[in-house]
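Biologist: I am new to this structure and would like a close look at a single part, the place where the two chains meet. Could you take me through that part in one connected account?

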Amino acid sequence: MSMREMTYSEAIREAMALAMTADERVFLMGEDVGLYGGAFGVENDLIDRFGAERVRDTTISELGIVGMGVGAAVTGMRPIVEIQFSDFTAQAMDQIANQAAKLHFMVGGQATVPLVIRAPGGSGTGAAAQHSQSLEAWFTCIPGLKVVMPSNATDAAELLLAALEDPNPVIVLEHKLLYKQSFEVPETFAVGRLGVGRIEREGSDLTIVATGVEVQRALEAAEQLAADGISAEVIDPRTLKPLDLPLIVSSVVKTGRALLVQESVRFGGFMGEISASIVESEAFGHLQAPVRRLCGLDVPIPYNPDLEKAAVPQVGDIVREATALVREW
Amino acid sequence: MSTALLEDAAAALEALGTMWRIRLFEEAVEDLYGRGMMHGTMHLSIGEEAIPTGTCLNLVEGDQITSTHRGHGHCIARGADLGRMMAELLAKDNGYCRGRGGSMHIADVATGNLGANGIVAGGVPIAAGAGLTNQLTGNGKVAVCFHGDGAVGEGAWHEALTLASMWDLPVVFVCENNQYGMSMSAKSAFKVDLSAKAAGYGIPGETVDGNDVVAVAEATARAIDRARAGEGPSFIEAVTYRWRGHSKSDKNRYRSKEEIAEWKGRDPIAAFAHRLLESGLVDQAQLDAAQSAARDAIRESVVFGTKGEDPDPAALLDAVYAPSAVDATDTRLQEASR
């Protein structure tokens, strides 16, 4: 397949443009997505290409705009709502958790809510505690929502297209540090599939499951580990809900060790769910070491750059933990 | 449309019948609850029937409504099937929500009722979003948002009115001011008439007697016509009173017996019936027939509801997500989503 270079932002923008071109029901609304071009520049010139009707600048009203997304979705549109920082979903949580997620169930299947919420998360930009969180665990425990965490440009585009085809509300948690990174992407984006994880690198000594920006760090760590004679398999679940558990379990059956890496805090985090699912599965009898989690510290994200780095797993942390897991067991 | 209520006997009797169906449906529900045949909780709108009735008679097919936790009246006035409603409240599989939603989530999407809502002001942005669909597609439809006085204190209400106003959306906000948000009196909570708040959003606001079905019908007709003509949203405060407690736990400690009795004297159904009789538009026999037809319909709904099957717990997990094309073709994914 012939490939090209594109940033994560450009890929998301291209996917939104593809969707708006193909389906007149698709439109985008959010804070500063139009004239400003998006707080992170994701939308850029979309307003020029599709007009202010379909690239809608809203007031600073997260609850209102998600709620309007629900109302538009339930009446036949395919809205994309951007929440400028995923931290601000706290302002919108009633509409996400009580309305969007539950409506289909509560009304006995009479209605569907094909709403896509895009929200950037993650630390590393010096934006401190209210603009840097990784909140995926909030969303994965709400029945009715689907949760996507793309770790590269192709997934960001193709899983967004999949989310737009899905009749259920999908929250796509993008990562701010990835927006400006370039990736190799296919000539044309296809519609991805929700609930399908991917083995990013094959290995035999341990399985590293990582999400979001930690996928890249895990791949860098795997490279260093290889130089030290440790063969790490790296899995990106890509969709947290539905979760491709069979992929993870079969990998752990093969390697006998699991290191679970997330940027979000450890306590009550999503990797706890994966950990429990592994030990409840047939992989249990194959484990040669305890399942280990490497997560963000249980602290708000701090401002000082060294503190900020210390609060979430870095490449060196993954190398250290993986080495210990393989060498000490 | 609405002036027909005082000139056209058929239209008048239809409106009266709707109010009777709401009243008698809720009395039946209260009775079933009292006899232990219905569980959970419920919020009755007895005394407030003129507002959904007067409003919904101005709607056409395809117009949407959003409703509240006190939503039986909206559902009935929009044309829902009484049997499927009663079956839902009786938690049966043949109810509107297959026994999964109950009173607080009753919906009839086919008639444009996007659902009652257990969250105060939860439906307000949703109605604005339906209005956005109407505007974007140019379908000529209007969304009506029923909400209570309590919703006016919510951020969701403010955000939805802000956006609906900014974009001139075809939405009519109908505030059923029954004077108490649970126990909080609206008079204590808000220093102005609620309709005065509309000015803050640059949209028309009007206060009407919510116990006068004709006044409600006239005010909402103006607002709905305005929305349909593309002139944007309006806010209507319809002042009424709930005869029953907030829910089944209410001991009425925040209001007096005298106040309740006074408002029972302003019964919207009796007032409208009296007015029709006085004007000579209909006779007593016609009024009685409207009431008795409603009584028969409610009786049939109880029979239908009690005969329904109980829902199967085995179907629960499949009820959470709407099937997507991908799910349907990949059993591994279905497994993964469990």
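**The contact between chain A and chain B**

Modeller: In this predicted model, chain A and chain B bury about 3,900 Å² between them, and 64% of that area lies on carbon and sulfur atoms. Met68(A), Phe105(A) and Gln110(A) supply 18% of the area that chain A buries against chain B, which is more than any other three residues give. The contact draws 51 residues from chain A and 47 residues from chain B. Across this interface the rule finds zero salt bridges, whereas twelve residue pairs are found in polar contact.

On the side of chain A that touches chain B, at least two residues each come from strand S2 (26-30), strand S3 (55-57), helix H3 (62-74), helix H4 (89-100), helix H5 (103-106) and helix H9 (245-255). H3(A) gives the most to this side, with ten residues, and the residues of the side divide into 24 nonpolar, 17 polar and ten charged.

Among these elements, S2(A) can be followed further into chain A, where five of its five residues are buried. Val26(A), Leu28(A) and Gly30(A) are buried on one side of S2(A), and Phe27(A) and Met29(A) are buried on the other, so both faces are covered. S2(A) pairs in the parallel sense with strand S4 (residues 78-82) of chain A over five bridges, and there Gly30(A) has Glu82(A) as its bridge partner. S2(A) also pairs in the parallel sense with S3(A), over three bridges, and in S3(A) the bridge partner of Leu28(A) is Val55(A).

Conventions:
Residues numbered from 1 in each chain as written. Chains lettered and ligands numbered in written order. Predicted model: local features only at pLDDT ≥ 70, side-chain atom pairs only at ≥ 80, totals over all residues. Heavy atoms only, no water. Contact = heavy atoms within 4.5 Å. Buried area = accessible area lost by both parts, 1.4 Å probe. Salt bridge = Lys/Arg side-chain N within 4 Å of Asp/Glu carboxyl O. Polar contact = N/O pair within 3.5 Å; in protein donor to acceptor, adjacent residues only side chain to side chain. Helix = DSSP H or I, 4+ residues; strand = E, 2+ residues; numbered from the N terminus. Nonpolar A, V, L, I, M, F, W, Y, C, P; charged D, E, K, R; others polar. Buried < 20%, exposed > 50% of the residue type's maximum accessible area, 1.4 Å probe, protein only. Pairing = 2+ DSSP bridges.
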